[in-house]
Amino acid sequence: MAEILAAGEKVKIKFSEKEFSFPAIIGTEGERAVDISELRAQTSHITYDPGYANTGACLSSITFIDGEKGILRYRGIPIEQLAERSTFVETSHLLIHGKLPTQKELSQFSQKLTEHAPLHEDVKKIFSGIPKETHPMATLSGMVSFLSGFYPTSLDPKQDEAQINESAAQLISKVRTIAAYIYRKSVGESFVPPNDTYSYCANFLHMMFSGRKEKYILNEEAVKALNLLLILHADHEQNCSASTVRLVGSSRTNLFASIAAGICALWGPLHGGANQEVMEMLEQIHTSGKGIEDYIRMATEPKSQLRLFGFGHRVYKTYDPRAKVIKDACYRLIEKFGVNDPLLEIALKLERAALKNEFFITRHLYPNVDFYSGIIYKILGIPTNMFTVMFAIGRLPGWIAHWKEMRDFKPARIGRPRQIYTGRLKTDYVPIEARTGT
Ligand code: ACO
């Protein structure tokens, strides 16, 4: 840690004419922070930062984002290079273990994923008690939480590195099987066991679609597209769900339960749930006959609750680099699969109109990762209500990497923000018979 702290540099803060100084922290890419961990002790003030927009909650060496320049790197490697040359399994290893694997390490990691792919018969039985209409994200978070019951060693807060890596491999492998079974259950089809001879992504598509009535061809292009999407989703530093995983894990909650909490955080429409919203929005524009300009107007009216889903980002103030890669992939797939999807045309027009609109320009709102990802998932045959589950499969290695980093950080402290109380002053209890009106 020593090399990233700016030796001796202090930031001065004045409170009621008294000056206090706090150490500066400078990251390896030059990001600057004020270490205010002694602020309250020295000044009796805390900081107030709704939505944590200016709060650095940790030091992290996993992912670097420059939101102004549109840069995203996992463990230093640009996302564009990983998207073009890596696989999801290799990228997972990179995130979780901090480096690209050697051939031997990759084989061992893949072998672990293969071993853990089948679900215990009792896990499969849980599906039968879940209503068919349950949202897939509810089932996914519940099933992941239940998994801790099948691997009791994961509950031990003193788990060693090897045990944690075992839990990590179990999760990465089983979440894929669970996701496929959630889909099979929703369409009333029997479960398809994993096939040892398939790669991670091919196996997922196999468990999803093999034997289905409508024809599905497991081809290389589909596998490649899925790898690409999962890589692009694999981590994004301190987003809402990764921060949730860290916060939940900080109370020494086991990895499975912490990830289940992350899945719930991802579900919301302002985060991972946006990909489902984007597709529903495009479909609504398509079927309602409403013009694109109408939609943009509704999303930009003062006090409007409507948002243009797939647009805007807390960190990116330029084009999301992931959206760029996905948009290109969309074109390639549409050509390769010979599909003619009117929704892509609508998305392109919507993007063009928004990028020319004063409201979006002044607020630096650009397409994010969710804007085009749904179109690819649709081409792959994945239904809209499964989109956020796909995001969760992709984000899993990132969550695990953050959980591990949080756990290894010293001093280990439970995450516990403070507040500014704005309620009533001391008020005496009034018995119910004496209470009137309000
Ligand atoms: N459509 C219309 N207006 C928007 C949008 C949008 N998509 N995004 C932001 N704005 C506006 C807000 O209304 C606000 O306007 P104001 O200044 O007039 O009040 C301004 O831009 C700033 O918005 P905030 O909500 O304060 O920005 P914040 O950084 O908190 O939120 C977020 C970021 C949640 C991603 C937001 O842009 C949004 O809701 N986008 C749509 C949902 C979405 O696509 N989420 C996926 C994000 S990527 C991911 O999680 C994987």
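Two strands count as paired if DSSP finds at least two bridges between them. Strands (E, at least two residues) and helices (H or I, at least four) are DSSP runs, numbered from the N terminus. By that rule strand β5 (residues 71-74) pairs with β6, as 2 bridges join them and they run antiparallel. The model is a predicted one, so to speak of a local feature takes a pLDDT of at least 70, side-chain atom pairs count only at pLDDT 80 or more, and totals for chains, interfaces and linings use all residues. Residues are numbered from 1 along each chain as its sequence is written, and side-chain values rest on heavy atoms, with hydrogens and water left out.

Back to the strands. β5 belongs to an open sheet of 3 strands, ordered β4-β5-β6 with antiparallel pairing. β4 (63-66) and β6 (77-78) are the edges: each has a single partner strand, so one side of each has no neighbour in the sheet. On the β4 side, 4 bridges hook β4 up to β5, and I65 has L72 as its bridge partner. These two strands make a hairpin with 4 residues between them, and G70 in the turn shows a positive phi of about 70 degrees. On the β6 side, Y74 is bridged to I77, while R73 sits opposite P78. Here the hairpin leaves 2 residues between the strands, and the turn residue R75 has a positive phi of about 50 degrees.

Which side chains of β5 are buried? Those of L72 and Y74, which point to one face, are buried, whereas I71 and R73 point to the other face and are not. Buried means under 20% relative accessible area, with exposed being over 50% and partly exposed in between (1.4 Å probe, protein chains only).

Another hairpin is built from strand β2 (residues 18-26) and strand β3 (residues 32-34), which run antiparallel and share 3 bridges. In this pair, I25 is matched with A33 of β3. The hairpin has 5 residues between its strands, and G30 takes a positive phi near 85 degrees.

Now for the helices. Two packed helices are described by the angle between their axes and the distance between the axes. Axes are lines fitted to C-alpha atoms, for helices over the stretch in contact, and angles run from 0 to 180 degrees between N-to-C directions. Helix α9 (residues 220-233) and helix α17 (residues 370-379) have axes that come within 11 Å and cross at roughly 155 degrees. That makes the two roughly antiparallel; the label applies over 145 degrees, with under 35 being roughly parallel, 65 to 115 roughly perpendicular and the rest oblique. Among the residues that meet there are L226 and L229 of α9 and I376 and Y377 of α17, where contact means heavy atoms within 4.5 Å.

α17 also packs against helix α18 (residues 387-408), at an angle of about 105 degrees with the axes 10 Å apart. The two are therefore roughly perpendicular. D370, G374, Y377 and K378 of α17 meet F387, M390 and F391 of α18.

Two serines round things off. S258 is found in helix α11 (residues 255-267) and is buried, at 0% relative accessible area. Leaving out residues up to four places away in sequence, S258 touches V245, V248, G249, T253 and W403. S241, in helix α10 (residues 240-249), is likewise buried at 0% relative accessibility. Its contacts beyond four places in sequence include G262, H271 and W399.
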